[in-house]
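Subject: Handing over the structure

Dear colleague,

I am passing on the structure below, together with notes on what was found in it. Please read the notes with the structure open beside them.

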Amino acid sequence: MNKEQALVAFEKYKIRRLYDEQKAMWYFSVIDVVAALTDSVNPRDYWFKMKIRVKTEDGLELSTICRQLKMKAPDGKMRETDCADVQGLLRIIQSIPSPKAEPFKQWLAKVGYERIQDMSDPARSLDRAREYWKQHGRSEKWIQQRMMGQETRNKLTDYWSEHEIKGEDEYAILTNIIHQEWSGVSVKKHKGIKGLETQNLRDHMSEAELIFSALAELSTRQIAESVEATGMVENADAGKKGGKIAKRARIELEQKTGKKVVTGENFLPPASSKKKLKGHSDEH
């Protein structure tokens, strides 16, 4: 099943979700929804007790309207978690006494429909991303580089999906191989250097980091295409070769400028940030 992962926010809570291309619908983490509606310190326990209560009172097994899907847990590992589509969540919400229920239903209707709109008009998704980055102080130059890098990334993952690369784990392994080669550090280490936790690494890269990431992934795809790389072993080899091309360019630039490309700079709020990247919209 081809699934696209994404995080969305309701108030201060982040809700994990997966998009099932075959069924054309979003599946949301029930635990995350329970946390958002109840403010419970232990939403997993709340959900467990809630299933028992609903079964006792209504005879309904809430687990039957859920699916077990792998999602990234707070510790970074992919773990099975109860997920439900929009219709299933609406039924679950009925059993949660919360003043947030109605606002959440309206929010759910909006985010549950977003991907369908994006499929019929891809420009909507791009416009939303551009507006988000603008609101967070990114310059037009940075936004353009970020979007070009994403297009390069999408073409690479499209190639992988058509050449026997399956599941989030295999995508992550190949991505890390490329990243390790060009940057000299793993994705996890790079995030650590920048002081990131759940944030998207690329959203906190400098212009140079974005460019070298794109060069590594562009080179990887073109090398893979030239040899028709198929499966993990062949695509991993292409990833190492593509990453090394960007690595050589990075080292040469660092030697000429005396500045490191990979740095701890980020776009985190001042209270969380050691050193802030220069990417505000009022800078040129």
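A residue is called buried here when its relative accessible area is under 20%. Please keep in mind throughout that this is a predicted model.

By that criterion Trp-142 is buried, and Phe-267 is buried as well. The rings of Trp-142 and Phe-267 form an edge-to-face aromatic pair, with 5.6 Å from centre to centre and 75° between the planes. This pair links distant parts of the chain, since Trp-142 belongs to helix H6 whereas Phe-267 sits in the segment after helix H10 (231-257), 125 residues apart.

A second edge-to-face pair is formed by Trp-160 and Tyr-171, whose ring centres are 5.7 Å apart and whose planes make an angle of 90°. Trp-160 lies in helix H6 and Tyr-171 in helix H7, so this pair ties together parts that are 11 residues apart in sequence. With a relative accessibility of 0%, Trp-160 counts as buried, because the cut-off for that class is under 20%.

That pair leads to the packing of the two helices themselves. The axes of helix H6 (residues 140-161) and helix H7 (residues 167-183) come within 12 Å and cross at roughly 130°, and H6 and H7 are therefore oblique to each other, as an angle over 145 degrees would be needed for roughly antiparallel. The crossing of H6 and H7 is right-handed. On the H6 side the contact is made by Arg-153, Leu-156, Thr-157, Trp-160 and Ser-161, and on the H7 side by Tyr-171, Leu-174, Thr-175 and Ile-178. Sorted by class, the contact of H6 with H7 has five nonpolar residues, three polar ones and one charged one.

Which residues are linked into a cluster by ring pairs? They are Phe-28, Phe-104 and Trp-107. The count of aromatic pairs in the model comes to six.

Finally, helix H1 (residues 30-38) has eight of its nine residues buried, so it is largely enclosed by the rest of the structure. The buried residues in H1 are Val-30, Ile-31, Asp-32, Val-33, Val-34, Ala-35, Ala-36 and Leu-37. Just after H1, Asp-39 adopts a positive phi of about 55°.

With best wishes

Definitions and conventions:
Residues numbered from 1 in each chain as written. Predicted model: local features only at pLDDT ≥ 70, side-chain atom pairs only at ≥ 80, totals over all residues. Heavy atoms only, no water. Axes fitted to C-alpha atoms, helices over the stretch in contact; angles between N-to-C directions. Helix = DSSP H or I, 4+ residues; strand = E, 2+ residues; numbered from the N terminus. Parallel < 35°, antiparallel > 145°, perpendicular 65-115°, else oblique. Left-handed = near helix turned anticlockwise from the far one by under 90°. Contact = heavy atoms within 4.5 Å. Nonpolar A, V, L, I, M, F, W, Y, C, P; charged D, E, K, R; others polar. Phe/Tyr/Trp six-rings, centres within 6.5 Å; stacked < 30°, edge-to-face > 60°. Buried < 20%, exposed > 50% of the residue type's maximum accessible area, 1.4 Å probe, protein only.
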